[in-house]
Amino acid sequence: MNRIFFRFFVLVMLSITAATFVIYFAFSRLFGDPLDDIARRQAAAQIFLLEQYVDKAATDDWLTRLNNVREVSEVRYDLIALGEARSALPDSRRAALDRGEIVLDPSSRSFYRRVDLEGERYIGSHEEVLRAQNLPVDVKQALIMEALRYIIVAVALLVPIALWSRSHWQGLQSLSRVADEFGSGKLTARSQMKPSASIYPLAERINHMADRIEDLLEAQKSLLHSVSHELRTPIARLEFALELLDARAKDPDLSRRIGAMEGDLRELNSLVNELLDMSKLESARNLQAELAELAPVLRGCTQMLPPSPQQLDCTVPDDLGELEIDARLLARAVCNLLRNAQKYAAGRIVLSASRSDGAVEIAVDDDGPGIPDEEREKIFDPFYRLDRSRDRATGGFGLGLSIARKAVALHGGSLRAEGSPLGGARFVITLPV
């Protein structure tokens, strides 16, 4: 929230600052420099005294009144030559001086004005300029006041911006929690937001989307589960019929064909079992987690494997500690990885594990042909198999790795494929401690 609020506040302040400069330059162009107006207001008393007291005097009394003002005023009034005054002023202000106007110079706290234009005050007065110095002009104070006004406006904007940002942020945080729960498998998670909330329409759309996704997943799960169960009955009938047929068959060729058909049925039955296992791994409700020592679970996986010619090394330390796991489900995932390694390893498989401050890593390495980089994510998709494994010799349906990843995900962990130091593939399970 702080980051969003700060960015929005800085954007508003920059906009106000830019608008302030635009206003300043526009007013300077159209109505003159605002600083001159500030200085003129601050020197209003001296200008009034000159225009309403000194200038109202008779022609022969003008200098007398000017001297009277000099005696009582802290402002210093001098008569200087017109050329000296012109040289003290920038080019943009000399024309105003020539016209007989009062020209302010805020930087030197002075103003200039010609005595007159026709020499009516005294002889040579048209060649002289009255200069007033030490005027009570303080533009810096005026700028400080403007800055203070700007700060007050900024603080006044801060309060509604903070309230506005807070309400939005709370709504977004609520939606974020719902998304996390929904993504973790809690398909019933929904946003409970008041209709008066600013992002209520967005929350409603997300709820509708979640309803639709839940319905689709439930329908898919129900279909998969129902079809898998329904397939078992005809498979059992076919197996029974083939056994009867094999018992009565006297032709060796027919017996061999019946044996091949029985093998196909066993393969189909295994597929149905794996599909049922897949359907059970769609929700965390099926996870029966409890504290268990991890090392014995991993070592037990090596005892569940079918015999194979490859060398299997288990380098699992004893200090892995306890984790809250479903031992049966995690063992199934590790066994799937080991069976996959048995299919492709040339001669060696290594099961290893290590524990750090925040996680436990379980690795399965083999010295087989490895997995191309572009295939390392696809192999976890159901029924996806690499080209070299699509023949009947390797067996399998492309579900083992998908089941392993789902089982690990239910534990809050991850499963990835990478290159192995042995030259083949490495599968790494990361579980949070």
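**Close-up views of a predicted model**

**Figure 1. The open sheet of four strands.** In this predicted model, four strands form an open sheet in the order β1-β4-β3-β2, and their pairing is antiparallel. The edges are taken by β1 (76–81) and β2 (103–105), each of which has a single partner strand, so that one side of each is left without a neighbour in the sheet. From one strand to the next, the twist averages 25°. Within this sheet, β1 pairs with strand β4 (residues 128–133) in the antiparallel sense, over six bridges, and Leu-79 stands opposite Leu-130 in β4.

**Figure 2. Helices α3 and α4 on the sheet of four strands.** Helix α3 (residues 44–54) packs on the sheet and touches β1, β3 (110–114) and β4, with a direction that makes about 20° with that of β3. Helix α4 (residues 62–72) likewise packs on the sheet, where it touches β1, β3 and β4, and its direction makes about 135° with that of β1.

**Figure 3. The contact of α3 with α4.** The two helices α3 and α4 pack at an angle of about 145°, with their axes 10 Å apart, and their crossing is right-handed. On the side of α3, the contact is made by Leu-49, Tyr-53 and Val-54, while α4 contributes Trp-62, Arg-65, Leu-66, Asn-68 and Val-69. By residue class, this contact of α3 with α4 divides into six nonpolar residues, one polar and one charged.

**Figure 4. Surroundings of Ala-132.** Ala-132 lies in strand β4, and because its relative accessibility is 0%, below the 20% limit, Ala-132 counts as buried. When neighbours within four places in sequence are left aside, the residues in contact with Ala-132 are Val-75, Arg-76, Tyr-77, Arg-109, Ser-110 and Phe-111. One of these, Arg-109, is 23 residues from Ala-132 along the chain, and the C-alpha atoms of the two residues are separated by 8.4 Å.

**Figure 5. The open sheet of five strands.** A further open sheet consists of five strands in the order β6-β8-β9-β11-β10, and here the pairing is mixed. The edge strands are β6 (311–315) and β10, each of which pairs on one side only. With direction ignored, neighbouring strands of this sheet are turned against each other by 15° on average. Strand β8 (residues 348–355) and strand β9 (residues 359–366) run antiparallel and are joined by seven bridges, and Val-350 stands opposite Asp-365 in β9.

**Figure 6. Helix α12 and the loop that holds His-411.** Helix α12 lies across β10 and β11 (425–432), and runs at about 130° to β10. His-411 is found in the loop between α12 (400–410) and β10 (414–419). Because its relative accessibility of 12% is under 20%, His-411 counts as buried. The side chain of His-411 reaches the backbone oxygen of Ala-407 at 2.8 Å.

**Figure 7. The protein chain as a whole, for orientation.** The secondary structure of the protein chain comes to 12 helices and 11 strands. Of the 433 residues in the protein chain, 35% are buried. Among contacts in the chain between residues at least 6 apart in sequence, 62% join residues that are at least 24 apart.

Methods
Residues numbered from 1 in each chain as written. Predicted model: local features only at pLDDT ≥ 70, side-chain atom pairs only at ≥ 80, totals over all residues. Heavy atoms only, no water. Pairing = 2+ DSSP bridges. Axes fitted to C-alpha atoms, helices over the stretch in contact; angles between N-to-C directions. Contact = heavy atoms within 4.5 Å. Left-handed = near helix turned anticlockwise from the far one by under 90°. Nonpolar A, V, L, I, M, F, W, Y, C, P; charged D, E, K, R; others polar. Buried < 20%, exposed > 50% of the residue type's maximum accessible area, 1.4 Å probe, protein only. Polar contact = N/O pair within 3.5 Å; in protein donor to acceptor, adjacent residues only side chain to side chain.
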